[in-house]
Each structure stands twice: as C-alpha cells, then as structure tokens.
Amino acid sequence: MATETFYYDNKIVRNFAIATVIWGIVGMLVGIIIALKLIFPEFLGGIAELSYGRLRPLHTNAVIFAFAGNAIFLGVYYSLQRLCKARMWSDTFSKINFWGWQAIIVSAALTLPFGITQSKEYAELEWPIAIAIAVVWVVFGVNMIMTIYKRRVKHMYVAIWFYIATFVTVAVLHIFNNLVLPYSFLGSYSVYAGVQDALVQWWYGHNAVAFFLTTPFLGIMYYFIPKAANRPIYSYRLSIVHFWALIFIYIWAGPHHLLYTALPGWAQSLGVVFSVMLIAPSWGGMINGLFTLRGAWDRVRKDPVLKFMVVGVTAYGMATFEGPMMSFKNVNAITHYTDYVIAHVHTAALLWNGGLTFAMLYFIVPRIFNTEIHSLKLANFHFWAATLGTVLYVIPIYWGGITQSLMWKEFTDEGTLMYPNFMETVTHLIPMYAARAIGGTLYFVGVLAGMFNLFSTMKKGTLTADEKAEANRAEFASDTSKGSSFHRWLESKPTQFTTLVVIAILVGGLVEFIPTQLVKSNVPTIESVRPYTPLELVGRDIYIAEGCVGCHSQMIRPFRSETERYGDYSKAGEFVYDRPFLWGSKRTGPDLHRVGGKYPDSWHYMHFMDSRSTSPGSIMPAYPWFQTRKIDLELVPAKIRTLQRLGVPYRDGYDEVAVDELREQAMGIAQGLQDSGFDADWDSHMVAVIAYLQRLGTDIKAQPQAGTNTTTAQPAASR
Amino acid sequence: MSDKKIHDDNKPNVILDDERDLLLDHEYDGIQELDNAMPPWWLYGFYFTIALSVVYLLYYDVLGIGPNQIEEYEQEMVAAAERFGGNEEPESTVNYADLEVLMDAESLTAGRQIYESPRNLCTTCHGQNAQGLVGPNLTNNLWKHGCDLESIMISIKSGFPQRGMPAYGSGQRLDDVQLHQLASYIISLRGSNPDGARPPDMSRSVECEI
C-alpha cells in the first residue's frame, strides 16, 4: 500500500496567528479607552465617532469576532489538517476566508464609530456586512467540511465534532438574527419587533457565547491539551455525552438574558432550567481537559502553553457554574443590568478565550517556524500579567455590580427609595471602575509582551510554509477499531454527523420561537400603543446610532424598587413597534422606558449639551453635535414605507406626508426650546432625540386601566 | 525546506500503569483516548439538574403553583402597603398658613442641607445657588406660584408635573418640619444675586409683594 506524501498549509496558519495578535491588541485597546471614559467622561470627549456608545460595540465586536474569531480559524486550520491528515481542501478558499474576514473587521471599524449599526448586541454590523459575514463563514465551512471529506483518517476526533457544531450553529444564528429589511444602503429595520426581537436576539447573543466562544475553544482544548501534555484524553465516553448534551441544551438557554422582562413566563422558565442543566455538560469539557493532565502536572509548572490552558479551562469551569447560578430568577434579579455581568463575561473572555488563544499561539508559532520560543521568561510574565490582570479586573466590578444592585433596591424605614437619585449609585462605582481599568491595563501589558515574544520568535525562525507529512490511506479502509458502537460509526460519517448536529441545535430554538411568534396571548395588545411619529422614529434611529442602549435599558422589571424609581413596569404590548427592540443589558445610567414627559424639553437640551449641568457627577458624555447635525429628511419616506411593509399600520400614502408632519412636530419642539432661550434648529438631531425620549413609555398612560394603582403612574424617581 | 524538526510531536503518549487497560485504539495525530467511565458525581449531578428542571417547570408553569412575576410583584406591593401604609401621602397635621418663616441658623442649615442633598434633587433644576437652570431662579422677586412660605411649601410638595417638576422634585418625600426648613432656606436666599442667574419668564412671573 502506497504511503501518500502531502503538505500542511502553515502559511494560512501564520496569517491567522498574526491577525489574532494584532486585532487582540486593537480590541483590548478600545476596551481600555472605554473603561477610561467611565472614569473620565471628558476623555476624548466632544468627538462623536469616539463617544462611549459608539466605541463599546467596536470593543465587543473586535474582541469577539476579530480576536477570538481569528483565533478560531487559527486553531481550526492548524489542528484540522493534522487531525484529518490532509491539507486544507482549497488554498483559494483559505485565502478568501482570511482576507474576507479581515475586510469584515475593517468594515466594522469603519461603520460602528459612524453610528451605522443594527443595535442588537454582537450583531451590530449593518446588513451588507452581515451578508459578507455569512458568505465568508460559509467559505470557511465548505473548506472545513471538504477537508473532512478528503481526510486520511477514518474517524473524526472530538475536536472536529466541536468545529462542525460551531460552523453549523453560527451560520443558523447569524442568518436568523440578521433578518432585516433595508431602507437604504446602510440602514435597516429588524423583521421582528419588541418581544420577538428580544427573544431572537438573545437566542443569538447567548449562543454566540456558546458556539463562537465555547464550542470552537473546546475543540481547540481537545487538540492542544493532549498534544502539549503528551497524554491521552481522559474519557472518550465523557466526550460523547458532554458534546451532545452541550449543543442540544445550550440553544434553549437564551431567555435567561430576559428574566423578569416582558418575555412570556414560560419562555423565561425554559431559559432558567436549560441553563441549570448546562452545568454538567460544560463541566464535562473542563473535567476531560484537566483530567487529561493526570501525571503531567509537573510540566504545567514549566510550560506556558499548559499554564495558560489550565487557568483557561479552570476559568471556563467557574464561568459555566456562575452563568447557571445567574440564571436563577432570584439571583438574576440582583445581577441583571449591573456590572456583575461584565465581570462574569470578562472572567471567561480574558482567561478562557484569551488564555486558550495564547496557549495555542505559544504552541503553534515555534512549531511552524521550527524554532524555540524567543523567551520563556517573557511568556511566563505574560501568563502572570494575564492572570493577575484578570483578577484585578473582575473583583472590583463584581463588587461594584453587587453594590450597584443593592443601592438600586434599598428602601428607607419610611418605605421610600434610599437612593432616589440614580446618580448616587453611579458616583459610588467610579473607584471600582478605576480599579478595573488598572486590571485591564495589566492584562493588556501582558498581551503586548506576548506580541513581542511571538513576533521575535517568528523573526528568529523560518516559516515552514508547506510542512511535509505522510499518511497511509490504506489504514482508512482497514481500520477495524473495536468500536462497533453507533457513535463510533457516526464518527466516520461526516454527512450523517452534521445532520444530527443540525437537528440537535434546531429543536430548542423552534420550541421557543414558534409559539412566541404565533400565539397572540404571548404579547397582549394594548389599544393605546401607536406607531412612532416620523420625528420620533428619526430620533429613535439617532438613539440607536449613538449606542445609548449600551448604558440605558428600556425595560422596567416588576419590582417595587423599579416601579418606585421609574414608573409602571414594562408590558409586552408596549414594544410592538420597536424594531429593533432596545431593552438593553446594562444600566450604567438609569432605565429610560418611562422617561417620556418626566422632564421638560429644556432639561434634556441642557443634559445633552453637558450632563453635569443638570446632573452633577454624571459620567454621560456631552453630545454637542446633536445641536449642529441635521436630520436626513430624504430617508424619511423610505423608512416609513419599509415599516409599512413590515406591518406597521401607518395609513396609505403616509410616506408622502411624513416629512410635513415631522416638520410640524419638530417646529413645535424647537419653538419651545427657543422660548426658553436655547438655540435649537427644528431639523437638528437634538429636536428628534428629545421628541423620541418624550414619547417613551407614555402611550400606556393614555389608557384608562381599571384597578391600576394610580400612584405608580407617577414615577417618584430620578435621573 | 528543512527536515530537521526541533519539536517532536510524535513522541508516544505517556500512559500510566493503571491506564493500560483503558487505552482505546484511537489515534489522531498522535492523540490517544482512554475509556475512563464518566465520574459518578458528574453524572448524578447532571441527572439531578434534569430532575430539578422538571420539578421547576411543573411547579411554576405546568401546574402553576409558584407565583409568576406579576403575582410576585403584587405580593411585594401588598406587603409594602401593609408595612408603610401604602403610597398615600401622610395626612398633614400642620396648617401651613400658620407657620412663620424660620430665621435661626440651625433651621436654615438644615434647609440648605435638604436643598443640596442628592436625595432631593433641587439643585439639578434650580442650580447649586438657586440661580435657576432649567427651573426658574429662586433668588429674585419674581414668582410664578406664590412667594409666601405656605405657597412655596405646597409647590414643593405637589410639584407641577405638567411643567416638568414632579412632586418633591422627584426626590425623597419630606415631612412637614423638613418642608418648613427647606422653604425657609429658599426664602432666605432672596436677593442673594448669584452668578449666572437665569433670566425670568416675564409672561408668567409675578412680582412678590411681601
């Protein structure tokens, strides 16, 4: 039988390695900038494109899709070729995957700071970029699947199972969450509204964590831990059980991002229980990773690859225990909307995703450059900076998150809010934000050291662009492994395997969506809720572009501490015209769902020009450009027509009079502001945003409701 | 291309003595697999969470025994109403018209503390020195809703929600003594001529005649 000789493509691996490191630096630097903005709101102030609300999605997108994304490709392109004993199926596809992905990242950096966004978290990129993502992702998937088909090893190793699940699920998630109807080249409205949009978004958002930041990294763990430790995988059976359990259960858990919101109770309960059931499948991965190191722990002390792996896998175990705990409704009532969640995700992101990525880089780079690591000492420094940096990052904001929550909820002995002024809860947190920025900077310094170390290693060695390998295809046919089990058979059948994965990941989503979409009782209609006026709609689009949702929720939960502060709790029927929904996930500032009518227009004007003039201590940036930038009136008719097509009941021909109505409403607001001595043009962003804010949450007040406690209609609150 | 490799990735796996029987004949790029049983604590933990989930869904959703979030909220509101006497404004025991403007330093300091406290939010609209921001200047002789002690106390207490000032300025509720101190402090500022005083709205203001 002839032994075949072939060559692994290391050049593509090298390219992804460089991209991972560079984008990691960029994404984390943006993170440090926005962390500083929370302490020094004037830092880089006055520049619209660098405001907090616009940079925050740039940070999340850069670290998730640019840093972790390139790391996934790095891991897959390196390990898949070796696990399949085959070169990647198509060098062209590899190149399209690489350059296409980098182009998408650049286009993200060129749109998000300019306020071009769909607003849904981690799915902010507007529809043309979303389409490009889908195309490049499919190119990646085809390249991967075809490589699997022409493999020279009969069975697919567990890492490949995770890669397949990653490809399939991310494709499904991305496509369904990005279904929008465009009104212009870079503008669109979600096909889902309100509650449905929230459900789809968090099905996506949660599973972006699951299938972009978890499953591919588990695959990476399954390849690189045994390779680096030179030990066999602890338990094949555990691999099987935790793999299928993980991908089946994960997809259901999205609603835990929406507990105590207007999402129907049954969907919330599914989110709770499937999150709790996730503990074991997640820990299965951790156990299999850590137990594989049995007998090799002495090497963990010396080898930075294993060190990063062990801390990463341990952080994964902590985060996947903490996540289900935060999904219990009574815990969620405390942690949700607070910085606790930010601490939770950074434990996982910095150590699990970051740790595994750097472990992989320290493993791969010396190998493909056929040399030793430039400096073991520097790699150890990187490890300690990463670990301590993360600890210093998360502890202050875990603390801060709990503090924030307790302050929101505290009542005096007389039964009124202890901190009716939201500002007190903000100013109290600033020292913790400062400590967090120090921790983050330490982590960043470690990454800079890592970059220097890796690039020096590359310089020292020579890239083996095409690495020679040999395999005997005959073993493929004659491999009669004793596994006569069904699963062993399945591991040799990529088509059947992938089909089963698709089924496993679709069930949960379908069970949750179909009833929410079709059963009317899930979103009870409220008669008095009407579509936004054209001016309010434009104001809403500005609110979206500015990323206000990054700090302000629009979802008052049914807690006494919230209805006292903000007014009546939010009802599902109030959001039927919200495309996209803007419930938010973090309250650095107060909830705004019932801000309408609470302050005079002039208050908002002053607050936007200088938030500290009306709210001393505020860390909200100033928006001086609201005064100078003009509304694009030409887009208004197209926006109205697009919404009509989506079912919003504007009367026929309304698009033709929309601009006139907009002008009339805007003139009224502008006149009022001018009477108060403020300089406001009717067609400025300022007027539109104020119109939107003054509308928020007011429709329901027009509705006479029997049995409603009248005192809750008057919010007793704050800013 | 150099055939000399610094990293030998094809060293045989380290297999411990007690593992030899567990080694499967799986091999992927040098990675082998053991056939260890799933740890029982892990497996039974998994079963436990599944059982817990079934009970949870039965309790809260299928059988509807546990309260849903709106019922929870209503219970919370009832409990608060029982404890604090609801949201009703406590009956005033004092006739404001009978009160005199307080002049003593102690009361005025107390009034000032209330005015400046972040709990009461006066400053956010009327300014640190009552010079007026979004809300009117409180230091001149021009008033919209009456400049006597009683009128000011009532204005603070009930607010003017239609014009942007919620009751107590959306801050904490004040008792009659605090209200008295605050209004006296505001009166004491009259004529203080702070910097940046907001010009009066002559269409609605009335000269104070006390």
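Which elements of chain B are included in what covers the buried residues of α6(B)? Among them are α3 (105-116) and α5 (149-158) of chain B, and the close-ups below start from that helix. Please keep in mind while browsing that this is a predicted model.

**Figure 1. Helix α6 of chain B and its cover.** This view follows α6(B), residues 176-188. Its 13 residues reach 18 Å from the first C-alpha to the last, close to the 18 Å expected at 1.5 Å a residue. The buried residues form a run along the helix: L179(B), H180(B), Q181(B), L182(B), A183(B), S184(B), Y185(B), I186(B) and I187(B). Look for α3 and α5 of chain B in the cover over these residues.

**Figure 2. Chain B as a whole.** Here we step back to see where α6(B) belongs. Chain B holds six helices and four strands, and from the N terminus on the order is β-β-α-α-α-α-β-α-α-β. The radius of gyration is 36 Å, well over the 17 Å that the globule rule gives for 210 residues, so chain B is more spread out than a compact globule. Along the principal axes, the C-alpha trace of chain B spans about 100 × 60 × 35 Å. Two domains are assigned in chain B, domain 1 (18-87) and domain 2 (96-207), and 55 Å separate their centres, taken over C-alpha atoms. Of the 210 residues, 28% count as buried. Among contacts in chain B with a separation of 6 or more, 64% come from residues 24 or more positions apart.

**Figure 3. A positive phi in chain B at A130(B).** Zooming in again, we reach the loop between α4 (122-126) and β3 (142-143) of chain B, where A130(B) is found. Phi of A130(B) is near 60°, a positive value in a residue other than glycine. Is A130(B) buried or exposed? A130(B) is buried, because 24 other C-beta atoms lie within 10 Å and the cut-off for a buried residue is 20 or more.

**Figure 4. Confidence along chain B.** The mean pLDDT of chain B is 87, and 94% of its residues reach 70 or more. Helix α1 of chain B, residues 40-62, has the highest confidence, at 97. Confidence is lowest in α4(B), at a mean of 84. For the complex, the predictor gives an ipTM of 0.91 and a pTM of 0.91.

**Figure 5. Where chain A touches chain B.** This close-up is centred on the interface between the chains. There, 65 residues of chain A are in contact with 62 residues of chain B. Which helix of chain A gives the most to the side of chain A that touches chain B? That is α9, residues 265-276, with six residues. By class, this side of chain A has 33 nonpolar, 20 polar and twelve charged residues.

**Figure 6. The two domains of chain A face to face.** Chain A is divided into domain 1 (3-513) and domain 2 (534-703). The domain centres, taken over C-alpha atoms, are separated by 34 Å. At the boundary, 44 residues of domain 1 of chain A are in contact with 47 residues of domain 2 of chain A. On the domain 1 side, α2 (52-84), β2 (180-184), β3 (187-190), α6 (194-211), α15 (376-409) and α16 (422-460) of chain A each supply at least two residues. The largest share of that side, five residues, comes from α2(A). Sorted by class, the domain 1 side has 23 nonpolar, 15 polar and six charged residues.

**Figure 7. Helix α8 of chain A.** The 15 residues of α8(A), residues 236-250, should span 21 Å at 1.5 Å a residue, and the end C-alpha atoms are indeed 21 Å apart. Which residues of α8(A) are buried? They are Y236(A), L238(A), S239(A), H242(A), F243(A), L246(A), I247(A), I249(A) and Y250(A).

**Figure 8. Two loop details in chain A.** The first stop is Y122(A), in the loop between α3 (91-111) and α4 (127-149) of chain A. Y122(A) has a positive phi of about 65° although it is not a glycine. With 20 C-beta neighbours inside 10 Å, Y122(A) counts as buried. The next stop is the cis peptide bond that joins R579(A) and P580(A), with omega about -5°. P580(A) lies in the loop between α21 (560-566) and α22 (601-609) of chain A.

Note on methods. Residues are numbered from 1 along each chain as its sequence is written. Chains are lettered from A and ligands numbered from 1 in the order in which they are written. This is a predicted model: local features need pLDDT of at least 70, side-chain atom pairs count only at pLDDT 80 or more; totals for chains, interfaces and linings use all residues. Two residues are in contact if their C-beta atoms, placed from the backbone, lie within 7 Å. Ala, Val, Leu, Ile, Met, Phe, Trp, Tyr, Cys and Pro count as nonpolar, Asp, Glu, Lys and Arg as charged, and the others, Gly among them, as polar. Domain bounds come from an automatic or database domain assignment. The expected span of a helix is 1.5 Å times one less than its number of residues. A residue is buried if 20 or more other C-beta atoms lie within 10 Å of its own, exposed if 12 or fewer, and partly exposed in between; C-beta atoms are placed from the backbone. The radius of gyration is taken over C-alpha atoms; the globule rule is 2.2 Å times the number of residues to the power 0.38. pLDDT is the predictor's confidence in each residue, from 0 to 100.
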